[in-house]
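Work through the exercises below with the sequence and the model at hand. Each task is followed by a solution in steps.

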Amino acid sequence: MALEEAWAWLDAKPRLPLAHLPTRLEPLDRLSQELGGPRIWCKRDDCTGLATGGNKTRKLEYLLADARRAGASTVVTFGGVQSNHARQTAAACAKAGFDCHLVLSRVVDWRHPAYERCGNVQLDRLLGAKVHLFDADQTADGALALIQELANGEGAPYVIPTGGSNAVGALGYARAALELAVQCEEHFALTDVFHATASAGTQSGLLLGFGAAEAAVRVHGVQVYSPDRASFAATISGMVAEARGEDAPGRPLEDDDIRIEQGYLGDGYGIPTAAGLEAVGLVARLEGLLLDPVYSGKAMSGLIDQIATGALRDRSDVVFLHTGGSASLPAYDDVLGAP
């Protein structure tokens, strides 16, 4: 009954279908055998469609529905140069008929010679988005000037925050939580989900959905963006509370529900770690599955470490939510074994 009420609550929210759903849930048995821990299942949100897929497409279903409700014809959003969110926004806007402006910031100190030409940023341009590149200290002023210029010429643009991470976007991962709960019923009792967390929208949405369905699932967000746990937890709490509003079923979020796995970020956002690169290679060789060194590779390194240290010794099955990101691999070929 709780799951049915949660579905009904979400179905009442405006949504623009964009993704290939439901995404597959598949076992990674060769990896599980290699690690000697619980059976690892992969939720393939790298296969949501729209220009190589990824987790942001679920958020964009609700965000672009809101943009259409607001009467906007233009979308502006933000990210780093190799932003997966920017690429998926460009694709979603192309499909839905919005003009798209991407404000991309040089926030990652990565000196690959083609970092600003290949990978995600190449796809952004191919998809018809207008790309605006700024140094990190100039991004805020550049974005404000762009938004004002667009408002003066075409009417107010619909502004999507970095990562699509706000109360509207979080609804996409509330829906994913319910989808995953239904899939797991056929195979095992869902207890733990691991994923990369950066702008908090995916983790907030999962907690929102599991709470609405009154499902006791531990959501492990492997932090790949910031070492500041307190402010990140506060962001999640605020986003979930706003998304729940006055009408959400189930139980509200409690502080103990927020699990942020630290220690896997390394030198900073977008900078590969040795453990993350090892995870990328291991999963590719054993499962034919592509991770990336910024998000999913670091998240997998966190799961591998938790298994190695015995933190999951009493679990029979865990889920790894693959958030995508393989489009950025060409920008990191100098640390991924390229000749």
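**Exercise 1. A helix and its surroundings**

How many of the 14 residues of α3 are buried? Note before starting that this is a predicted model.

Solution.
Step 1. Locate the helix: α3 covers residues 56-69.
Step 2. Check its length. At 1.5 Å a residue, 14 residues should span 20 Å, and the end C-alpha atoms of α3 are 20 Å apart, which agrees.
Step 3. Apply the cut-off: a residue is buried if its relative accessible area is under 20%. The residues of α3 that meet it include Lys56, Arg58, Leu60, Tyr62, Leu63 and Ala67.
Step 4. Conclude. Twelve of the 14 residues are buried, so α3 is largely enclosed by the rest of the structure.
Step 5. Look past the helix end: Gly71 follows α3 and has a positive phi, near 80°.

**Exercise 2. A second helix**

How far does α7 reach from its first C-alpha to its last?

Solution.
Step 1. α7 runs over residues 170-185 and has 16 residues.
Step 2. The expected value at 1.5 Å a residue is 22 Å; the reach in the model is 23 Å, close to that.
Step 3. For its surroundings, count buried residues: 14 of the 16 are buried, and α7 is mostly covered.

**Exercise 3. A strand and its partners**

Which strands does β7 pair with, and in what sense?

Solution.
Step 1. Recall the principle. Strands of a sheet pair through backbone hydrogen bonds, either parallel or antiparallel.
Step 2. Take one partner, β8 (residues 218-223): six bridges join β8 to β7, and the two run parallel. Within this pairing, Thr197 has Gln223 as its bridge partner.
Step 3. Take the other partner, β10 (residues 317-321), which pairs with β7 in the parallel sense over two bridges. Here Phe194 is matched with Phe320.
Step 4. Follow β10 onward. Five bridges join it to β2 (residues 39-43), again in parallel, with Phe320 as the bridge partner of Cys42.
Step 5. Assemble the sheet. Six strands form an open sheet of mixed pairing, ordered β1-β2-β10-β7-β8-β9. Its edge strands, β1 (25-27) and β9 (259-261), each pair on one side only. Neighbouring strands are turned by 30° against each other on average, direction ignored.
Step 6. Inspect the faces of β7. Asp192, Phe194 and Ala196 are buried on one side, and Val193, His195 and Thr197 on the other.
Step 7. Trace the connection: β7, helix α8 (residues 201-212) and β8 make a right-handed β-α-β unit.

**Exercise 4. Another crossover**

Through which helix does the chain cross from β4 to β5?

Solution.
Step 1. β4 (residues 99-106) and β5 (residues 130-135) pair in the parallel sense over six bridges. Leu104 stands opposite Leu133 in β5.
Step 2. The chain crosses through α5 (residues 120-126), and this crossover is right-handed.

**Exercise 5. Cysteines**

Why is Cys93 not bonded to the closest cysteine sulfur?

Solution.
Step 1. A disulfide is a covalent bond between the sulfur atoms of two cysteines. The cut-off used is within 2.5 Å.
Step 2. The closest cysteine sulfur to that of Cys93 is in Cys100, 4.1 Å away, too far for a bond. Cys93 is buried, at a relative accessible area of 1%.
Step 3. Repeat for Cys184: its closest cysteine sulfur, in Cys42, is 12 Å away, also too far. Cys184 is buried at 1% relative accessibility.
Step 4. Widen the search to the whole structure: it finds zero disulfides.

Terms used:
Residues numbered from 1 in each chain as written. Predicted model: local features only at pLDDT ≥ 70, side-chain atom pairs only at ≥ 80, totals over all residues. Heavy atoms only, no water. Buried < 20%, exposed > 50% of the residue type's maximum accessible area, 1.4 Å probe, protein only. Helix = DSSP H or I, 4+ residues; strand = E, 2+ residues; numbered from the N terminus. Pairing = 2+ DSSP bridges. Right-handed = clockwise from strand over helix to strand, strands pointing away. Axes fitted to C-alpha atoms, helices over the stretch in contact; angles between N-to-C directions. Expected span 1.5 Å × (residues − 1).
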